[in-house]
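Reader: I should be grateful for a close look at a single part of this structure, set in the context of the whole chain. Please treat the matter in one connected account.

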Amino acid sequence: GGGYRLIKDPATVTLWDVMAVLGALGGLDECAIGWAECKDEHPCPLHQRWTQLRDRIIAYLQGTSVADLVASVQKKGNEDPSIQINLPTWIAGRKTG
């Protein structure tokens, strides 16, 4: 066992929502190379490329619902509606609060 059960319609829950509940969005606000101060006014060498990629990741997470994910799994021949998501260690190991 273990896991989570949705109380909302999976079509209304985005991957962004799931990541937010798990406290896994913090890395999106961080500098790609770890600079403490990295902003448009004082960018790191990867700032422009990272912000473009980050914006695409955010759009994907906000535009993809849990129902979309289930449909994708089922389309690939897996009829089991449960989905196991193993978070990468950089997310799972993140301290929240």
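**The segment around T64 and its surroundings**

Author: A convenient place to begin is the surface. I33, W35 and L46 together make a nonpolar surface patch of about 270 Å². W35 belongs to the loop between α1 (15-21) and α2 (47-63), and it counts as partly exposed because its relative accessible area is 41%, which lies between the 20% and 50% limits.

The model is a predicted one, and its overall plan can be stated briefly. The protein contains four helices and zero strands, so that the order along the sequence reads α-α-α-α. Of its 97 residues, 23% are buried. The protein exposes about 7700 Å², of which carbon and sulfur atoms supply 54%. Among contacts between residues at least 6 apart in sequence, 55% join residues at least 24 apart.

The part that merits close attention is the junction that follows α2. T64 lies in the loop between α2 and α3 (66-75). T64 is buried, because its relative accessible area of 11% falls under the 20% limit. A polar atom of the T64 side chain lies 2.8 Å from the backbone oxygen of Y60. When residues up to four places away in sequence are not counted, T64 touches V13, T14 and L15.

The next point concerns the start of α3. S65 caps the N-terminal end of this helix, with a side-chain oxygen 3.3 Å from the backbone nitrogen of A67. A67 itself is found in helix α3. With a relative accessible area of 27%, A67 is partly exposed, because that value lies between 20% and 50%. Neighbours within four places in sequence aside, A67 is in contact with P10 and A11. A67 and L15 are 52 residues apart in sequence, and their C-alpha atoms are 9.8 Å apart in space. Just after α3, G77 adopts a positive phi of about 100 degrees.

L15, which T64 touches, also leads to the interior. The largest nonpolar core has eight residues, namely L15, M19, A24, L25, L28, W50, I58 and L61. Both α1 and α2 supply at least two residues each to this core, and the largest share, three residues, comes from α2. One member of the core, L61, shows how these positions meet: leaving aside neighbours within four places in sequence, L61 is in contact with T14, L15, W16, M19, L25 and L28. T14 and L15 thus appear among the contacts of L61, and they appear among those of T64 as well.

Charged side chains complete the account. The count of salt bridges comes to two. In one of them, E37 pairs with K39, the closest N and O atoms being 3.5 Å apart. E37 is exposed, because its relative accessible area of 53% is over the 50% limit, whereas K39 counts as partly exposed at 45% relative accessibility. In the other salt bridge, the side chains of D55 and R54 meet at 3.8 Å, N to O. D55 is partly exposed, with a relative accessible area of 45%.

To return to the junction, T64 is buried and S65 caps the N-terminal end of α3, while A67 is partly exposed and in contact with P10 and A11.

Definitions and conventions
Residues are numbered from 1 along each chain as its sequence is written. This is a predicted model: local features need pLDDT of at least 70, side-chain atom pairs count only at pLDDT 80 or more; totals for chains, interfaces and linings use all residues. Side-chain values use heavy atoms; hydrogens and water are left out. Buried means under 20% relative accessible area, exposed over 50%, partly exposed in between (1.4 Å probe, protein chains only). Contact means heavy atoms within 4.5 Å. Accessible areas come from the Shrake-Rupley method with a 1.4 Å probe; for residues, only the protein chains shown count as cover. Patches are made of residues with over 30% relative accessible area and no salt bridge: like charges are joined within 9 Å, nonpolar side chains (Val, Leu, Ile, Met, Phe, Trp, Tyr) within 5 Å. A salt bridge is a side-chain nitrogen of Lys or Arg within 4 Å of a carboxyl oxygen of Asp or Glu. A polar contact is a pair of N or O atoms within 3.5 Å; within protein, one must be able to donate a hydrogen and the other to accept it, and residues adjacent in sequence count only if both atoms are side-chain atoms. A nonpolar core is a set of buried Ala, Val, Leu, Ile, Met, Phe, Trp, Tyr and Cys residues joined through side-chain atoms within 4.5 Å.
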